Amino acid sequence: MGSDGSNGEYLADCRARVGFDLLTNRWNSVVVFALADGPMRPGRLRAAIGGISAKVLNETLRRLEYDGLVARRAYAEAPPRVEYELTDLGHSFMVPVRAMGAWSAEHGHRVLEAQDRADEASEMA
């Protein structure tokens, strides 16, 4: 796909899909946003996010580490201590995350209103 997406091809290996996949995962943006201010241990990160299970947080952190957005630092202590932090790539991912946040702040109410209208219409049918 061209940089403007004009040729209409959406190939499985298209680079734009990488970014869309990162943005559309339910927890990726939330975890990256939570790590924007600096490294955190998993327990503190989970408390800061709220509504995420330990299992899902662990899966998300591993996926983000695999994708190069998050780095894991383990300390040789007893008990072991682990922290996660954004890489340079993770910090650059904050640009589209913040853009989506700004869009949501401006237009999110319209999406919710449309959903309410659709729900009401389906209840009446």
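Met100 is partly exposed in this predicted model, with a relative accessible area of 43%; the class covers values between buried (under 20%) and exposed (over 50%), computed with a 1.4 Å probe on protein chains only. The residue sits in helix α5, which spans residues 88-124; helices here are DSSP runs of H or I with at least four residues, strands are runs of E with at least two, and both are numbered from the N terminus. Together with Trp103 and Val111, Met100 forms a nonpolar patch on the surface, and the accessible area of the three comes to about 280 Å². Such areas come from the Shrake-Rupley method with a 1.4 Å probe, and for residues only the protein chains shown count as cover. Patches are made of residues with over 30% relative accessible area and no salt bridge, where nonpolar side chains (Val, Leu, Ile, Met, Phe, Trp, Tyr) are joined within 5 Å and like charges within 9 Å.

A few notes on reading the model may help. Because the model is predicted, local features need pLDDT of at least 70 and side-chain atom pairs count only at pLDDT 80 or more, while totals for chains, interfaces and linings use all residues. Residues are numbered from 1 along each chain as its sequence is written, and side-chain values use heavy atoms, with hydrogens and water left out.

Turning to the chain as a whole, the secondary structure comprises 5 helices and 2 strands, arranged along the sequence as α-α-α-α-β-β-α. The protein chain has 125 residues, of which 25% count as buried. Its exposed surface is about 8800 Å², with 54% supplied by carbon and sulfur atoms. Among contacts between residues at least 6 apart in sequence, 44% join residues at least 24 apart; a contact means heavy atoms within 4.5 Å.

Helix α5 also carries charge. A negative surface patch is formed by Glu113, Asp116, Asp119, Glu120 and Glu123. Asp and Glu count as negative and Lys and Arg as positive, with His and the chain ends not counted; each charge is placed at CG of Asp, CD of Glu, NZ of Lys or CZ of Arg. One of the patch residues, Asp116, lies in helix α5 and is partly exposed, with a relative accessible area of 45%.

Salt bridges come next, each being a side-chain nitrogen of Lys or Arg within 4 Å of a carboxyl oxygen of Asp or Glu. The count comes to 4 salt bridges. In one of them, Lys55 pairs with Glu59, and the closest N and O atoms are 3.9 Å apart. Both residues belong to helix α4 (residues 54-66), where a spacing of 4 residues corresponds to about one turn of the helix. Lys55 counts as exposed at 61% relative accessibility, whereas Glu59 is partly exposed at 39%.

The strands contribute a salt bridge between Arg73 and Glu85, at 2.2 Å from N to O. This pair links distant parts of the chain, with Arg73 in strand β1 (residues 70-75) and Glu85 in strand β2 (residues 81-86), 12 residues apart. Arg73 is partly exposed at 35% relative accessibility, and Glu85 is partly exposed at 21%. Another salt bridge joins the side chains of Arg81 and Glu83, with an N to O distance of 3.3 Å. Glu83 is buried, with a relative accessible area of 14%. Glu77, Arg81 and Glu83 are linked in a network of salt bridges.

What is the form of the peptide bond from Ala78 to Pro79? The bond is cis, with omega near -5 degrees. In general, most peptide bonds are trans. Pro79 lies in the loop between β1 and β2.

Finally, helix α3 (residues 42-49) holds Leu45, which counts as buried at 0% relative accessibility. Setting aside residues up to four places away in sequence, Leu45 touches Val31, Ala34, Leu35, Met40, Leu57 and Leu61. The C-alpha atoms of Leu45 and Ala34 are separated by 7.0 Å, although the two residues are 11 residues apart along the chain. Ile49 is also found in helix α3 and counts as buried at 17% relative accessibility. With the sequence neighbors up to four places away again not counted, Ile49 touches Trp27, Val30, Val31, Ala34 and Leu57. Ile49 and Val31 are 18 residues apart in sequence and 7.4 Å apart in space, C-alpha to C-alpha.
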